[in-house]
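The following exercises concern charged and polar side chains. Please study the sequence and the structure before reading each solution.

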Amino acid sequence: MVSGGGYVYGYGRKPEHLRWTTVLEHQLFAAGTDPPGVESVDDAAAGKPGRSKKQATGVSTVRFEDEAVLDPTGQPLTIEAWVRSDKPNGVVLSHGAAQWLRGWLSRTASRCSVCTESELSQIKGAGKLGKRWHHVVATLDGEARMTLYVDGKVVASGVSKGPIPKKPAQTLQLAADEGGTVGDYESPFGFTGLLDEVRVYHASLTPAQVQARADGREAAGATPVLALTLDEEVPSSTTDAHLAGSSEAVTLVGGHLGKAYQFTGAGGGKGGGAQPAGTNVEHKWASDVPVYVRAMALADRQLVIVGPPDIINEHETFARLSARDTEVNELLNRQNSAAPASRGASCW
């Protein structure tokens, strides 16, 4: 890090990777010298209040704490929600980083992804959901079979590498994935639209049970570990555990059954001064650079960085590894040999 002219310049993980994630991307950034929650000298002199110590991330979402009852380790799983999407892309539910289950929507279809020990498995339905209510269910059974249902009908199936083998690093979240991804989308991949009647089961619902839920009936013999009607301002589970989450940038509106939560996507934008998710530090600017920065210097208004070259896109490379693409090994070997600067360094 270097400082000068009222700014601090640094190089480090992108905010969405400040918590542990499989992919760790870095960026060059500039920030003000006043720490979050502390008045600047100018603000104090002008009688302006300091910034809040708890700043919003700008992501429209619901988050749950690390609750033992939600731990999916070794469990068959089902995630269920009534969904009305106003935009074609976005995560419906996410839980975890290197070990996770996610249900999400892409521009063309509903999808479910499972990652176990950094091995990615994904199934994809056919056809757009459109801007109307749909009942979406994803299951993972005890034999690692994945099934995706829309409105009670199977739209995709496949086999994963197995159940989630250990407790996920990130907690359960609706309508966004702030914990970092290994799928073909960028965090937080916020959902825009309405969610209602969200449930998580530590069981794989049968086709008959899924059809019952799509018809508005209970799934006989199945008890959810999380059941959210989303009828109240505080997102609270109706299960015996009575879990309560926290919401940010959501609106209570009319839903499929009673009320629903309206989500607005990532929010915050990428404009100057927007606060990135995962940090309270307000970046003045941030930029990807083709260098693993090992040293930097500031001369007047010129910032100089030096380090070995950064020649890989981590998200793309990890996706290729998960797909067992052996040709990516040559690229990894090149990056590995370049890292200690044995082949020289770049000045940028």
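A salt bridge is a side-chain nitrogen of Lys or Arg within 4 Å of a carboxyl oxygen of Asp or Glu. The model examined here is predicted, and it holds 10 salt bridges.

**Exercise 1.** Determine which residue forms a salt bridge with Asp215, and classify the accessibility of both partners.

Solution. Step 1: the partner is Arg217, with 3.3 Å between the closest N and O atoms. Step 2: residues between the cut-offs of 20% and 50% relative accessible area are partly exposed. Asp215, at 47%, is therefore partly exposed, and Arg217, at 46%, is likewise partly exposed. Step 3: elsewhere, salt bridges that share partners join Glu80, Arg199, Arg213 and Glu218 into one network.

**Exercise 2.** Is Asp141 buried or exposed, and how far apart are the closest N and O atoms of its salt bridge with Arg145?

Solution. Step 1: the closest N and O atoms of Arg145 and Asp141 are 2.8 Å apart. Step 2: a residue under 20% relative accessible area is buried. Asp141 has 14%, so it counts as buried. Step 3: Arg145, by contrast, has 41% and is partly exposed.

**Exercise 3.** Describe the surroundings of Gln122.

Solution. Step 1: Gln122 belongs to strand S9, which covers residues 119-124. Step 2: its relative accessibility is 34%, so Gln122 is partly exposed. Step 3: the side chain of Gln122 makes a polar contact of 3.0 Å with that of Ser113. Step 4: Gly158 is 36 residues away along the chain, yet the C-alpha atoms of Gln122 and Gly158 are separated by 7.7 Å.

Terms used: Residues numbered from 1 in each chain as written. Predicted model: local features only at pLDDT ≥ 70, side-chain atom pairs only at ≥ 80, totals over all residues. Heavy atoms only, no water. Helix = DSSP H or I, 4+ residues; strand = E, 2+ residues; numbered from the N terminus. Buried < 20%, exposed > 50% of the residue type's maximum accessible area, 1.4 Å probe, protein only. Polar contact = N/O pair within 3.5 Å; in protein donor to acceptor, adjacent residues only side chain to side chain.
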